[in-house]
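Colleague: I'd like to walk through this model with you, one question at a time. Could you pull it up so we can both look?

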Amino acid sequence: MTEFTETLKSWRKMRRYSQLDLAIEADISGRHLSFLETGRARPSRGMVLRLSEALQLPLDASNQFLTQAGFAAKYGDHKWSDDQMAPIRQAVERTLSNHMPYPGLALNRMWRIVQANETATRLFGQFGFGVGDSLIDLMVSDILPEIVENWPVVAQAAASRLRVESLAQGGVPEFDRASAHLAQFGTQAERAKSPVIPTIVTIGGLRLSMFATIAQIGTPEDVMLDDFKIELYFPMDHETGAAFETMSAG
């Protein structure tokens, strides 16, 4: 139970809740929460899940929370290739396929490429990256600063996104290191004067200007799908759209 009480206090502080704040959020008394944090009271399984929800814990953290309190984990952790994932794989494949001729990727919560459509495969293949590789590794490499025209602005936006995702997951060292690395490029960056921040890449004689939309699984009940993302890229100009058309044709 010591691990449970320490984890409870750690997450509460990470979420910047006072004991009273968390008690109100979880709809329990401040006295009971105090007893849980000191180990004077043992939580029921339902209470652990209620606190997990109030703290907005990632699914793997919720599982850990349960096991520390002496209960079985609630959420599965399947591999992408498992039979149970077949409907999800089909939905992702349909989404990426329908997005052609524009690039589309599916990423797990660690930003590793799980699936890609043909245009994305050809685009990211020019950087030496594909399914199984991490976009974080690409972002901290020497490649992008050389080919992304507006790299300081893009790096600044990526650093901010990584900080937010790390905080949501309770601190991810890989995200924190990458964010610190990227932040050094964007300290003096001027924000884009457009509705979105495009990524402007010059590669293979082409100048590609694109932006991305992000979709997520609405009701994940598996650790694999927690913060799973589908990133769909769109052209910012006619030239980029035409280049994607050509790229998709092989």
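Colleague: Which residues in α3 do Phe4, Thr5, Leu8, Lys9 and Arg12 in α1 meet?

Modeller: Keep in mind that this is a predicted model. On the α1 side, the contact is made by Phe4, Thr5, Leu8, Lys9 and Arg12. By class, the contact of α1 with α3 has four nonpolar, two polar and three charged residues. The partners in α3 are Leu33, Leu36, Glu37 and Thr38.

Colleague: And how are α1 and α3 set to each other: roughly parallel, roughly perpendicular, roughly antiparallel or oblique?

Modeller: Two packed helices are described by the angle between their axes and the distance between the axes. Here α1 (residues 2-14) and α3 (residues 30-38) have axes 7 Å apart, at an angle of about 125°. Roughly perpendicular runs from 65 to 115 and roughly antiparallel starts over 145, so an angle that fits neither, nor under 35, goes with the rest. That is why α1 and α3 count as oblique.

Colleague: On to the strands: which residue in β4 stands opposite Val201?

Modeller: Start with the pairing: β3 (residues 199-203) and β4 (residues 206-216) run antiparallel, joined over five bridges. Their hairpin has two residues between the strands, and Gly204 there takes a positive phi near 60°. Opposite Val201 you'll find Leu208.

Colleague: What is the bridge partner of Thr213 in β5?

Modeller: β4 also pairs with β5 (residues 229-235), again in the antiparallel sense, this time over seven bridges. In β5, the partner of Thr213 is Leu232.

Colleague: Now for the empty space. Which element gives the most residues to the lining of the largest pocket?

Modeller: Rolling a probe the size of a water molecule over the atoms shows where empty space is left. The largest pocket holds about 660 Å³, and of its 25 lining residues, Val154, Arg161, Thr199, Glu231 and Tyr233 are the closest to the centre. Elements giving two or more residues are α7 (118-125), α8 (135-139), α10 (151-168), β3, β4 and β5. With five residues, the one that gives the most is α10.

Colleague: How many charged residues are in the lining of the second largest pocket?

Modeller: That pocket has a volume of about 250 Å³. Among its 14 lining residues, the closest to the centre are Pro58, Ala168, Gln169, Asp226 and Asp227. For the largest pocket, the lining splits into 22 nonpolar, one polar and two charged. In the second largest pocket, the lining has six nonpolar and three polar residues, and the charged ones number five.

Note on methods. Residues numbered from 1 in each chain as written. Predicted model: local features only at pLDDT ≥ 70, side-chain atom pairs only at ≥ 80, totals over all residues. Heavy atoms only, no water. Pairing = 2+ DSSP bridges. Helix = DSSP H or I, 4+ residues; strand = E, 2+ residues; numbered from the N terminus. 1 Å grid on protein atoms, 1.4 Å probe; cavity = no way out; pocket = protein on both sides within 12 Å on 5 of 7 lines; lining within 4 Å. Points joined across faces, edges and corners; volume = space filled by probe spheres on them. Nonpolar A, V, L, I, M, F, W, Y, C, P; charged D, E, K, R; others polar. Axes fitted to C-alpha atoms, helices over the stretch in contact; angles between N-to-C directions. Contact = heavy atoms within 4.5 Å.
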